[in-house]
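I opened this entry to look up backbone geometry and surface character, and I note what I found in the order I came to it.

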Amino acid sequence: MIDSYASLDDAGVAMAAARAGADVVRNMYGRRLSRIDKGAGDFATAADVEAEKTILGVLHAARPDDAVLGEEGGQQGATEAERQWLVDPLCGTLNYAVGNMLVAVNVALRNGAAAVADPFSGEIFFTDGETSWARHDGADARLTPTPATRLVDVNLDPPFPSAPGFRAVDLLAHPGFVERFRPRVVSTTLALAWVAAGKRAAYVTDGGDLSGSVHFAAGIALCRAAGCVVTGIDGAPIGQAGRGLVVAADSETHQLLMSMIRG
C-alpha cells in the first residue's frame, strides 16, 4: 500500500488521503464521541483526531519529505517548506456531532493539488491545480460552475473581524440579494466545492487571510481551477492583505454580490 501511494501524482495523493479520512468520518458517525474543547465554543471530536491521523498516514507514506499542517495536530516539518499539505480532517464538526451529515474532508498541497471528500455522498472533488473534477461511483466529471441555482451559501459562524463595516447577516437582508438570490447556510466548506460543481452560485464568508487556511485551501483550489471568480470581501485578491472570501460561479454574480457588500 505504501508503494502504491508513492506512485501517485499529487492529485492522486490528495484524493487518497481525503478518501481515507472520509472513511473514518463515515465509520464513526453516530457514535457517542468524546469532545476536545478548543475554547470560544469550538471543539473537536475523536473522529476529527482519528481522521487526521489516517490522512497523515497516507501523506507520510506518499510524500515523506513534505511538511504538513493539520487542524488538530498542528505543524509537522518546516513552516516555510516548499511543499506543505494543509489538512482539515472534518469540516463541519458541530454538524457532525449533532447528527448532521453536512461535512467535508479537506486535503490540499499549498499552491497545488487538492481534494474535498463528502463522506456520505461518496463524492470526491479534486484538482491537479489546472482543472477540477468530481469522482462518484468510479466516474469522473469535469466541474462546471454556473449561477443557475441562484443559491448563495453564507457563513454565519463567528468571529466577525470585519464588523461593523461588513456583517454577513446584513447581506441576507439586502433588497437586491432577496430579489436575485436565495441564501443557504450549511456551515461547512463543502459549499465551496458545490460552487465549483454548479450546485451553488456563490459562497461568502468574513475572515482574515484564508489563502493558507486548512479549512479553505482545498475549496479555493477547486474553485480557481474550475474557473470561478475568487476574491476577498473587498474585491481584492485573497492573500495577506485580503479579508474573507467571495467565490462566485461567474463574474456577473460576483459583481452583484460585491455591489451589495459595498452598499
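I am working from a predicted model, and I began with P164, which I located in the loop between strand 11 and helix 5. The peptide bond that joins A163 to P164 is cis, and I read its omega as about 5 degrees.

I then looked at P159, which also lies in the loop between strand 11 and helix 5, and found that the bond leading into it from P158 is cis, with omega near 5 degrees. I noted both bonds because most peptide bonds are trans.

Staying with this loop, which runs between strand 11 (151-154) and helix 5 (168-172), I looked up L156, which is found there as well. L156 has a relative accessible area of 30%, so I entered it as partly exposed. Together with V169 and V185, L156 makes a nonpolar surface patch of about 220 Å².

Next I turned to phi, where most residues other than glycine have a negative value. D137, which is not a glycine, has a positive phi of about 55 degrees, and I placed D137 in the loop between strand 9 (132-136) and strand 10 (139-142). Its relative accessibility is 73%, and I recorded D137 as exposed because the cut-off for that class is over 50%.

My last item was R150, which sits in the loop between strand 10 and strand 11 and, although it is a residue other than glycine, has a positive phi near 65 degrees. Is R150 buried, partly exposed or exposed? At 36% relative accessibility, I entered R150 as partly exposed.

Terms used. Residues are numbered from 1 along each chain as its sequence is written. This is a predicted model: local features need pLDDT of at least 70, side-chain atom pairs count only at pLDDT 80 or more; totals for chains, interfaces and linings use all residues. Side-chain values use heavy atoms; hydrogens and water are left out. Patches are made of residues with over 30% relative accessible area and no salt bridge: like charges are joined within 9 Å, nonpolar side chains (Val, Leu, Ile, Met, Phe, Trp, Tyr) within 5 Å. Accessible areas come from the Shrake-Rupley method with a 1.4 Å probe; for residues, only the protein chains shown count as cover. A salt bridge is a side-chain nitrogen of Lys or Arg within 4 Å of a carboxyl oxygen of Asp or Glu. Helices (H or I, at least four residues) and strands (E, at least two) are DSSP runs, numbered from the N terminus. Buried means under 20% relative accessible area, exposed over 50%, partly exposed in between (1.4 Å probe, protein chains only).
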